[in-house]
Amino acid sequence: MARHIVVLGGGPAGYVAASHAAGLGCRVTLVDPKPLGGVCLNQGCIPTKVLVDSCSLLEKVKRAKDYGLRIDGEISVDWSDLRQRASGVISTVGDGLDRLMSNRDVAVLQGRGRLLPGKRVAVEGYGTIEADAILVCTGSSAVWPAGFDLDRKRIATSDDVLDWPTLPASILIVGAGLVSCEFAFIFRSLGLEVTILSRGNGVMPFLDRDLSSVVLREMRKKGITVQTGRAVDRLAVSSRGVHAFAADEPMGAAERGLIAIGRMPNTHGIGLEELGIACSDKGHIPTDDYLQTSAEGVYAVGDVNGRAGLAHAASAQARVAVDHALGLTCEPLNESIIPTAIFTMPEIGCVGLTEQAARSQGHAVECGSFDLRSLGRAHAMGEISGMAKVVADKLTHKLLGLHIIGAHASEIVHEGAVLLQQGASVKSIASTIHAHPTLSEAVLEAAEDCLGQATHKPLRRRAIVNDPVAVS
Ligand SMILES: Cc1cc2nc3c(=O)[nH]c(=O)nc-3n(C[C@H](O)[C@H](O)[C@H](O)COP(=O)(O)OP(=O)(O)OC[C@H]3O[C@@H](n4cnc5c(N)ncnc54)[C@H](O)[C@@H]3O)c2cc1C
């Protein structure tokens, strides 16, 4: 059993690895030059969700009259208070992580770590420490290509937004992935003119197409402009603002620009070469099913290995890597069923295969869907935009994917994750009583629809077996 585990990086991969290993009785040293929590807590998942939650409340308050409520006076956004709220949440959660590490006797060294041959790590300001196993959890950073005049004030990445003292009147967002789309809804809700510049045909191409159409429809309804089909290769600042170009053709201008075109792994200067660990073309650290690198006893976990790029996937990998390093019985993760939560407005929860991916993998596919607008609860909440979609194998009825867009989708999706984990049939959903009135009823109805007829959907012609017209 590995007795001393050294973890480089204190994000969702690193701190979870440290906590898990310490809980199993190991001596653990956690190394990070920055406050614990990584990108997730300090710039990513948590601060963006603070903004999303304030914006959702703002949107609701603006519609107070629809709910039979009267709110007198001006409703306005105080950006400085909003930033302060985000900082408050970050410190509260960060303090909790510090206490957790101290409770588990994890030695936290605030410095940059570098791998040395012979399972040793040099830590800035602390010297060299020896380990029985090392976990590299150094995460990722925002990408910005040459040609983008990143000054973090007028042209920025998601890391910089909460440092802005003021909000601009307009913004160009380069990229159409998850981070771009979340920020597009946030900024629009805060009153900015928002333009997304996407090099593809739409937004979030990894989504089931039915869901990405709803996202585009909601963007249109809210006045977010989406320009597709051309890749921005230059983003420049002038006295009049920020200008985007594709092959020297102007693509748009705004007061500020946000670059959200992807993330690159933090592998530079951490000593990989000295251990003979070669990175992939995209710079990630290759790992086996147990997250071990080509160097025995050295693991790479989280964004740095390029397997998933999600905080909860990083944490799940961390537990597997620790168990493996300790020689405990463990199974590789089933990476095909990692749920994704996307906090657009409305939000998205999806897990498993999209209809398009299932077809391209050769499945005979059957799908069912149900619009939230047909649910009483959605009307009571005033949140009728969205749908649930179930993807199943036509021959076996095995559930292949669940995709939801609508209020609380990020919570509801876990029903699908559990069933996919169990290899269940779509009939498991249809035969499970779902409480009324809830938004989860959309999942039940989508499953029924997949099997032939949803209770609250107009009858399908082909399902009317007793129809005298059809029989004659
Ligand atoms: C704007 C935004 C929103 C996001 N929203 C979500 C979301 O809603 N849900 C979700 O699942 N994911 C989200 N993500 C992705 C999520 O943040 C990452 O997948 C997650 O943080 C990865 O965790 P990690 O531990 O691998 O790396 P990180 O969180 O990047 O942490 C790596 C840590 O390693 C440290 N480090 C780097 N080099 C060294 C070194 N040499 N020595 C020691 N320490 C080092 C860094 O200081 C950092 O603290 C979002 C990302 C962004 C940018």
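In which sense do strand β1 and strand β2 pair, and over how many bridges? I looked this up in the predicted model. Strand β1 (residues 4-8) and strand β2 (residues 27-31) run parallel to each other and are joined over five bridges. I then followed one residue across the pair: isoleucine 5 has valine 28 of β2 as its bridge partner.

Entry on the sheet. I traced the order β3-β2-β1-β7-β18, which makes an open sheet of five strands with parallel pairing. At its edges I found β3 (107-109) and β18 (298-300), each of which pairs on one side only. From one strand to the next, the twist averages 20°.

Entry on the ligand. I noted 37 residues surrounding the ligand, and the closest are Gly9, Gly11, Gly38, Gly139 and Gly302. I next asked which elements give two or more residues to this shell. They are α2 (38-42), α3 (45-62) and α7 (311-325). By class, I recorded 16 nonpolar, 17 polar and four charged residues in the shell.

Entry on α3. Having met this helix in the ligand shell, I examined its length and packing. Helix α3 has 18 residues, and its first and last C-alpha atoms lie 26 Å apart, close to the 26 Å expected at 1.5 Å a residue. I looked up which residues of α3 are buried and found Pro47, Thr48, Leu51, Cys55 and Ser56. An α-helix has 3.6 residues a turn, so residues three or four places apart point the same way. Finally, I checked what the buried residues of α3 pack against, and the partners are α4 (79-103) and α5 (178-189).

Note on methods
Residues are numbered from 1 along each chain as its sequence is written. This is a predicted model: local features need pLDDT of at least 70, side-chain atom pairs count only at pLDDT 80 or more; totals for chains, interfaces and linings use all residues. Two strands pair if DSSP finds at least two bridges between them. Helices (H or I, at least four residues) and strands (E, at least two) are DSSP runs, numbered from the N terminus. Axes are lines fitted to C-alpha atoms, for helices over the stretch in contact, and angles run from 0 to 180 degrees between N-to-C directions. A residue is near a molecule or strand if its C-beta atom, placed from the backbone, lies within 6 Å of it. Ala, Val, Leu, Ile, Met, Phe, Trp, Tyr, Cys and Pro count as nonpolar, Asp, Glu, Lys and Arg as charged, and the others, Gly among them, as polar. The expected span of a helix is 1.5 Å times one less than its number of residues. A residue is buried if 20 or more other C-beta atoms lie within 10 Å of its own, exposed if 12 or fewer, and partly exposed in between; C-beta atoms are placed from the backbone. Two residues are in contact if their C-beta atoms, placed from the backbone, lie within 7 Å.
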